[in-house]
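The following exercises concern the structure shown below. Each task is followed by a worked solution.

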Amino acid sequence: MRLIKTLKTSTALLSISLLFLMSCKEEPENTLATTTVKDAVDYTAKVYPLLDSENSRWFFFSSANRPFGMVNLNPDTQIGGAWGSGYRYKTDTIKGFSHIHAWQLSGISVMPVTINEHTKEAIYTDFYSKFSHEKEQITPGYHSLELERYQIKTELTSTKRVGLHQYEFPDTSNKAILFNLNTVLGPCENIKGLLEQNTPKELSGKLVMTPTHRRPKPVTVYFKVVLDTEIASLEQDEETKNYLINLKDTARSVTMKVGISYTSVANATTNIEKELPNWDFNTIVDESKKEWNNLLSRIEVKGGSEKDQRRFYTDLWHALQGRRIISDVNGAYPDNTGKEFRVGQLSLDANGKPKFNHYNSDSFWGAQWTLNTLWGLVYPEIMEEFTYSLMQYYKDGGLIPRGPSGGNYTYVMTGASATPFIVSAIQKGIVKDDIEEVYQALKKNHMRNGIMGKAGYEHTTNLGGGLKYYIENGFVPYPIPEGDFGSHQDGASMTMEYAYQDWTLAQLAKKLKHTEDYEYFMKRASNYKNVFDTEIGWMRPKNVEGEWKKDYDPYQVENGFIESNGAQSTWFVPHDLKGLASLMGGEEAAVEKLNIQFEKAEKLGFTAGSSHALELHPEYSRIPINFGNQPSIQTSFVFNQLNRPDLTQFWTRKVIAKTFSGLSPSTGYNGDEDQGLMGSLNVLLKIGLFQMNGGTEENPEYQIGSPIFDEITIALNPAYYANSSFKIKTINNSPENVYVNSVTLNGKPIDAYKVSQSDVVTGGELLLEMSNKPTN
């Protein structure tokens with residue numbers, strides 16, 4: 001028989017409850033510069049949250065959350081592992097409602113239940129409930145469903161840092177809420193979960209997220225719970241160590257606030273006080289909808305089918321989803337970069353508000369073709385915040401991260417992937433202060449003992465990245481002679497990635513007139529040539545002696561190339577495609593080669609299967625172009641750089657139609673969505689704007705593609721750009737008329753299919769005449 005002990009009520013925090021009577025406004029988030037939402041359009045209604053939910057991973061799906069919210073509240077149908085967990089559409093059983101679905105973070109799973117004397121002892125291990133999609137409602141910021149086992153209607157919403165639950169219990173029941181604080185949950189275990197009662201309606205607690213392969217240190221999350229119903233008792237199970245809140249049978253409807261913090265219970269309490277002082281559930285849902293609409297309405301599209309528009313706003317929703325705030329409303333944040341954990345404090349403005357938020361984020365690997373352009377143009381305030389957050393990690397731990405989690409480095413993926421992101425923010429005039437300090441921080445990452453020298457998840461050494469060979473010999477060998485450290489030690493890919501990132505850093509050195517550095521990094525930027533085999537026409541790995549890999553097959557996956565094959569990765573030279581074409585025998589030969597790859601890739605739907613997990617499958621791994629993962633998502637715009645914009649237009653439309661037009665739980669990104677990277681890519685392909693080098697040169701250039709809509713209006717943020725909009729209009733657009741025959745900007749003809757940053761951000765109109773035949 002299980003032993004259940006009843007915990008006594010503590011009044012130690014009784015005075016805290018008095019603070020909830022104070023009326024206070026929600027903090028003005030720096031992340032969100034508000035815009036006027038058109039009353040006639042509810043953009044959240046266009047979002048299809050269930051997209052690709054059959055294939056989702058822990059951080060992919062989050063419904064009852066705000067943009068970049070610390071709280072990411074939604075039901076979990078699968079709880080084991082980072083992959084195939086969280087909300088999975090085909091699993092019909094709810095295993096809890098957890099508050100954290102972030103990159104390598106999970107926590108605070110709760111479950112409303114009804115109990116009686118026969119079920120009470122088993123409830124800690126037998127509490128799952130079936131549910132039906134027929135009684136489910138999901139919109140950005142809101143999730144509702146019915147727990148069939150208990151006949152409980154559950155509704156979820158949130159502010160940035162506070163989850164808000166509303167439960168409708170059946171009339172005849174003993175109401176309770178299970179806090180499943182000690183459990184496997186997503187990417188890690190939750191352990192050392194504690195919960196104590198503070199007042200008749202308040203509790204507080206904490207738990208520890210155990211380290212993962214990617215996140216090397218434990219992370220503690222603190223939380224505060226406030227109910228509108230009195231607690232009858234709080235019990236803990238001796239075996240599971242989990243808790244049951246028994247509620248007084250005074251009301252059928254129960255509302256519960258759960259505020260979280262990575263620094264303290266006191267700050268979790270403050271987060272509730274500042275963000276959610278009232279109990280009006282519907283008002284919070286409306287405020288969440290308004291916040292989402294403020295961002296989604298930045299891009300207004302007209303034309304295309306209803307399905308096209310719904311998929312577009314779903315992609316845009318994903319572009320603003322996965323990366324999460326970790327700082328409190330007062331600017332306190334967790335710093336795990338040193339030997340000992342400490343609570344850091346962000347700089348405050350004249351009003352005592354944090355100047356920016358601090359973030360948890362998956363890698364920026366591939367962000368040069370996605371977030372750089374979308375955030376930089378449409379959401380510059382978000383790009384600025386992330387830049388300052390990345391710099392905060394540098395100030396705390398000495399390196400700019402490429403994917404931080406829990407206030408610490410994870411060394412996810414490879415290279416110095418934050419460099420193009422930050423350089424782009426500077427070149428676009430988004431980040432203007434302390435540029436020299438930023439440059440020196442970036443430069444440190446590109447030298448020995450910096451981020452670039454670490455392989456994926458290489459936490460303790462600086463050998464796996466092969467940087468010393470890259471610096472001394474001009475390429476990263478495959479294999480690395482020192483052995484295996486971390487993951488992703490594919491030398492040919494690393495050489496090409498480092499070369500591109502060196503080029504972007506060189507552009508900042510040029511801007512700051514560091515001539516010697518500029519020349520040094522430009523020389524390194526040509527290292528990609530050292531892994532191109534002119535005899536076979538492909539990039540090819542070399543060993544440490546400089547010998548080409550024997551029995552090399554450019555279509556064999558992860559054969560010297562990271563999450564790709566040699567055919568896909570050969571085109572990863574975004575900074576010098578003309579130089580690459582020269583190695584291939586000229587632009588015509590390069591175009592012919594790439595065109596053949598697209599023709600072959602089309603037969604497989606341009607992706608290596610329907611999910612990231614299938615990329616190594618023999619049927620899919622040999623695909624020559626894969627739009628399901630980052631290494632080759634730029635390839636349709638390569639043609640633009642090689643004077644064949646018609647092929648960019650033709651193949652981009654093909655990719656959109658065949659790969660990124662689905663609107664169902666079974667399809668969506670056909671690979672690795674990676675916290676908004678692929679959502680961002682889809683938005684850019686569909687509006688017809690792209691930046692091959694990530695917008696890292698002086699006065700960055702946008703390449704023009706083939707928009708699928710008749711009209712696209714981008715509302716420019718007047719705090720950064722003109723108090724105006726940039727409009728893209730198409731004439732005679734249709735699924736067949738994919739070719740752009742002429743381009744005018746503000747009435748003036750444009751010969752090349754490109755437009756500059758300075759032209760775009762001053763506002764105006766780009767007019768594209770479409771037809772079913774190319775001009776050349």
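**Exercise 1: A helix pair**

Determine the packing geometry of helices H8 and H11, the handedness of their crossing, and the residues that form the contact.

Solution. In this predicted model, H8 covers residues 435–446 and H11 covers residues 515–525. The two helices pack at an angle of about 35 degrees, and their axes lie 13 Å apart. The crossing of H8 and H11 is left-handed. Next, the contact is resolved into residues: H8 contributes Tyr439, Lys443 and His446, while H11 contributes Asp517, Phe521 and Arg524. Sorted by class, the contact holds 2 nonpolar, 1 polar and 3 charged residues.

**Exercise 2: Overall dimensions**

State how many helices and strands the protein has, and assess its compactness from the radius of gyration.

Solution. The protein has 19 helices and 34 strands. Its radius of gyration is 26 Å, and the globule rule gives 28 Å for 776 residues; the two values are close, so the protein is as compact as a globular protein of that length. The C-alpha trace spans about 80 × 60 × 55 Å along the principal axes.

**Exercise 3: Burial, contacts and surface**

Which percentage of the residues is buried, which share of the contacts links residues 24 or more positions apart, and what area is exposed?

Solution. Of the 776 residues, 65% are buried, with under 20% relative accessible area as the cut-off. Among contacts with a separation of 6 or more, 71% join residues 24 or more positions apart. Finally, the protein exposes about 26700 Å², of which carbon and sulfur atoms supply 48%.

Technical notes
Residues are numbered from 1 along each chain as its sequence is written. This is a predicted model: local features need pLDDT of at least 70, side-chain atom pairs count only at pLDDT 80 or more; totals for chains, interfaces and linings use all residues. Side-chain values use heavy atoms; hydrogens and water are left out. Axes are lines fitted to C-alpha atoms, for helices over the stretch in contact, and angles run from 0 to 180 degrees between N-to-C directions. Helices (H or I, at least four residues) and strands (E, at least two) are DSSP runs, numbered from the N terminus. A crossing is left-handed if the near helix is turned anticlockwise from the far one by less than a right angle, and right-handed if clockwise. Contact means heavy atoms within 4.5 Å. Ala, Val, Leu, Ile, Met, Phe, Trp, Tyr, Cys and Pro count as nonpolar, Asp, Glu, Lys and Arg as charged, and the others, Gly among them, as polar. The radius of gyration is taken over C-alpha atoms; the globule rule is 2.2 Å times the number of residues to the power 0.38. Buried means under 20% relative accessible area, exposed over 50%, partly exposed in between (1.4 Å probe, protein chains only). Accessible areas come from the Shrake-Rupley method with a 1.4 Å probe; for residues, only the protein chains shown count as cover.
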